[in-house]
Amino acid sequence: MTADLSTAAARRIALAAQGFADRPPTGAPTMAHFKRVVGRTKLLQMDSVNVLERAHYLPAFSRLGAYDTGLLDRAAWPASVRSPRLLAEYWAHEAALIPVDDWPLFGWRMTELADGRWRSHREALRGNRPLADDIIDVVTERGAAAPKQLEQARGIERPGAAAGSWWQRGEVKHVCEALFAAGVLASVRDARFVRHYDLAERVVGEAATGAQIGQIDAVRELVRRAAAAHGIATVADLADYYRLRTGQVRAVLPDLVDDGTVAQVRVEGWSDPGYLHRGARVRRNVSRSAILSPFDPLIFYRPRTERLFDFHYRIEIYVPEHQRVHGYYVLPYLLDEQLVARVDLKADRKAGVLQVLSAHHEPGVDVGRVAEALAGDLRALAGWRGLGDVVVSPRGDLARALRTWH
């Protein structure tokens, strides 16, 4: 049976949907440019690892080039209550920044997680409802607060608990997390990435917290957004974007087909049907290079990454060092329409250099061209992070060619 779309066409559709075919800014990126990125991706996944830069800052760099990260900070954590908040944190694709207007679409999930997302949080909440009431009272009175501040307000001391030690969280932290999952509290972050909890209606606004959207309607809208962000997608792809169940996606897909949002198509090499968004465009080519975060929406669903780009990718942060193949914090490298390399990067802020701890290329690529393009993008990344130089270690089959450019 002849496919409706080639793999190459599907790949170009996906790249365009994620903003990689948009014209880059000619000057310094503005808030309008940042909003365009979020309009494409719909969300920005968060991660606490800061060996290079926190994950939610990287997708905009990959699409816009060097931009002022204050744009994101002002969108998510405005310094003044008079400034509109554009983004809020919730469990979308894992912990993610989502448009404030999308908050009501997760009301059904907040109901499902009314006692917390994780077992430890559920046990803490169920075993200590009065503590939850106390936390809400303190936050109501004093405003956003970190768990340690809430403990101090309640006169709680935890001897032996090191500051910031995740594995020694007290009940206050667990209960705060449960109330966050339930949508009672929302999160704002400080410069050290510490969550401060406040009443959800004060963070996202009463209009967002007060809006009631039924589960089926909300899921349908989330799938609609996922379809636009993908351009072309399988059921599994659509489900993963907002961590839906495939059954939820299948239940609403007929509606989206009927109203013309998506059309079912066959894609070369795909065993499952594809769903093409009505706004998708098949580009003749996509001429772009970008260093991608491990959590970039283009690649965070690994089966899709392999299906689209023939690129097997796993993050190895939690793999013992002696078992790592490519390194600790490895970022894929996009050149035109292919993922052609991967680099293990570290920002040595004390020395003022961007360390390339390893560099590997994919089979069949033009190594010289890849090295030249990647060298330029590494210099741009270093400059964006305020680092004065790029230092390439000899590890990896791309390292020698890359070192000739530094």
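These legends describe three close-up views of a predicted model.

Local features need pLDDT of at least 70 and side-chain atom pairs count only at pLDDT 80 or more, while totals for chains, interfaces and linings use all residues. Residues are numbered from 1 along each chain as its sequence is written, and side-chain values use heavy atoms, without hydrogens and water.

**View 1. The open sheet S6-S8-S7 and helix H12.** Three strands (DSSP E runs of at least two residues) form this open sheet with antiparallel pairing. Strands S6 (232–233) and S7 (262–265) are the edges; each has a single partner strand, so one side of each lacks a neighbour in the sheet. S6 pairs with S8 (residues 274–277) over 2 bridges, and pairing requires at least two DSSP bridges. Alanine 233 sits opposite tyrosine 275 of S8. Helix H12 (residues 215–230) lies across S6, S7 and S8. H12 runs at about 85° to S8, an angle between N-to-C directions on a 0 to 180 degrees scale, with axes fitted to C-alpha atoms, for helices over the stretch in contact (heavy atoms within 4.5 Å). Helices are DSSP H or I runs of at least four residues.

**View 2. The largest nonpolar core.** A nonpolar core joins buried Ala, Val, Leu, Ile, Met, Phe, Trp, Tyr and Cys residues through side-chain atoms within 4.5 Å; buried means under 20% relative accessible area (1.4 Å probe, protein chains only). Of its 113 residues, Leu52, Ile135 and Leu345 touch the most other members. Helix H16 (residues 367–384) gives the most, 8 residues.

**View 3. Histidine 360 in strand S12.** This strand spans residues 353–361. Histidine 360 is buried, at 14% relative accessible area. Beyond four places in sequence, histidine 360 contacts residues including His326, Arg342 and Asp397.

Terms used:
Buried < 20%, exposed > 50% of the residue type's maximum accessible area, 1.4 Å probe, protein only.
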